[in-house]
Amino acid sequence: MVDTDTAEQTRGYRRIACEEGVATRTLLEANARLGDIGLPLLTLDGPAAFLAERLIDHDARLAAMDRDGIDLQLLMVSAPGVQVFSPADASALAADVNDELAELCRSHPTRFAALAAVAPHDPLVAAAEVERAVRELGLRGAVVNSHTQGVYLDDPASFPLLEALEALEAPLYIHPREAPAPMRPFLAGPAVEGAVWEYAVEVGTHVLRMIGAGVLDRFPRLQIVVGHMGEGLPFWLPRIDNRYLASVHGPRRAELLPSEYIHRQVSITTSGMNFLEPLRLAIDVLGTGKVLYASDYPFEEQGAAVAAIEAMPLDEAQRRALFETNAARVFSL
Ligand code: MN
């Protein structure tokens with residue numbers, strides 16, 4: 001095993017991974033009780049039981065981190081998390097997940113930090129829970145696994161949650177999941193569905209819906225993080241502005257251009273996009289300070305990701321920002 005303390009001293013920076021999947025036994029058992037809802041839910045006896053096991057086996061997680069040279073994982077409950085449950089069940093499960101993650105982080109304070117699970121469809125409870133999770137449990141923000149039963153965070157019903165996050169200066173991570181039911185037939189097929197394309201379309205759409213609805217005018221200090229090298233947004237940014245200005249689809253409700261909100265309020269993580277060209281483009285478009293490393297453990301190979309990025313021709317400032325200092329700033333690590 002790699003001695004990470006020594007390795008960190010040799011490297012001169014910690015490697016922080018910012019989109020790392022986790023579950024609890026309670027949540028996996030609740031998934032099993034939910035039955036068939038037309039979505040692939042992780043359970044301990046389902047077809048992806050090996051992944052479910054990896055999400056709750058923290059000894060194996062620590063061993064993999066030592067082996068792969070990851071100093072700290074920022075944990076977040078894997079998609080779809082609690083958001084497929086009824087509001088009351090989702091809120092109860094979120095609180096339980098948060099208690100368990102806080103306990104894990106307290107046991108390994110230099111190795112783990114976590115984002116709070118929340119139930120966006122129970123917004124007043126979610127606002128109180130995120131406050132409890134950040135203030136009392138020491139969690140570093142909240143994760144939403146994108147839409148909640150077809151509702152996005154541009155819905156004013158969600159505003160109490162966003163208001164709480166902004167007041168706490170706690171970032172919101174928008175993580176992918178399957179598109180809402182009416183969209184799924186159109187985002188189907190082996191070269192489209194899931195992480196191939198569907199997830200990026202879904203999360204990119206989520207961010208642009210919030211921008212277009214003026215949500216980031218209302219919450220100008222809310223910080224949002226998205227994975228997978230920005231879910232396509234950095235690549236599309238000039239065209240999004242350009243066509244937004246030319247759009248005839250109704251009155252504009254936001255004060256600024258879409259790119260201005262993204263520069264002000266959105267950071268991105270690599271999470272599986274260990275490819276030089278998109279990384280360069282993202283750094284060129286958003287700046288060195290907006291791109292954070294993530295492994296997307298256990299869904300992606302963490303060791304291969306570290307090796308690929310460490311082999312890239314980045315300068316020392318970019319490397320340090322990518323692996324450590326951006327994460328330290330955004331998530332207070
Ligand atoms: Mn992920």
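## From strand 8 to the manganese ion

Strand 8 and strand 9 pair in the parallel sense, with two bridges between them. This is a predicted model, so please read every distance below as a property of that prediction. Within this pairing, Thr269 stands opposite Leu292 of strand 9. The path from one strand to the other passes through helix 12, residues 276-286, and strand 8, helix 12 and strand 9 together make a right-handed β-α-β unit.

Strand 8 has another partner too. Strand 7, residues 224-226, runs parallel to strand 8 and is joined to it by three bridges. Here Val225 is the residue that stands opposite Ser267. Which way do the residues of strand 8 point? Val266 and Ile268 point one way, while Ser267 and Thr269 point the other way. Both sets are buried, so Ser267, facing Val225 in the pairing with strand 7, and Thr269, facing Leu292 in strand 9, count as buried because each falls under 20% relative accessible area.

Let us follow the chain past strand 9 to the metal. Which residues coordinate the manganese ion? The donors are Glu19 through OE, His175 through NE2 and Asp296 through OD, at 2.0 to 2.2 Å. Along the sequence these donors follow the spacing E-x155-H-x120-D. Glu19 belongs to strand 1, whereas Asp296 sits in the loop between strand 9 (291-292) and helix 13 (302-310), so this pair ties together parts that are 277 residues apart in sequence. Glu19 counts as buried because its relative accessibility is 0%. Asp296 is also buried, with a value of 8%.

Strand 1 leads us to one more stop, the loop that precedes it. Arg14 lies in this loop, between helix 1 (4-11) and strand 1 (16-22). Is Arg14 buried or exposed? Its relative accessibility is 19%, so Arg14 counts as buried, the cut-off being under 20%.

The surroundings of Arg14 are worth a look in your viewer. Leaving out residues up to four places away in sequence, Arg14 touches Glu8, Asp71, Leu72, Phe323, Glu324, Ala328 and Leu333. Two of these neighbours deserve a closer view. The side chain of Glu324 makes a polar contact with the side chain of Arg14 at 2.8 Å. For Leu333, the partner atom is the backbone oxygen, which lies 3.1 Å from a polar atom of the Arg14 side chain. As a marker of scale, the C-alpha atoms of Arg14 and Met183 are 40 Å apart in space, and the two residues are 169 apart in sequence.

Notes. Residues numbered from 1 in each chain as written. Predicted model: local features only at pLDDT ≥ 70, side-chain atom pairs only at ≥ 80, totals over all residues. Heavy atoms only, no water. Helix = DSSP H or I, 4+ residues; strand = E, 2+ residues; numbered from the N terminus. Buried < 20%, exposed > 50% of the residue type's maximum accessible area, 1.4 Å probe, protein only. Contact = heavy atoms within 4.5 Å. Polar contact = N/O pair within 3.5 Å; in protein donor to acceptor, adjacent residues only side chain to side chain. Donors = N, O, S within 2.8 Å, 3.2 Å for Na, K, Ca; no water. Pairing = 2+ DSSP bridges. Right-handed = clockwise from strand over helix to strand, strands pointing away.
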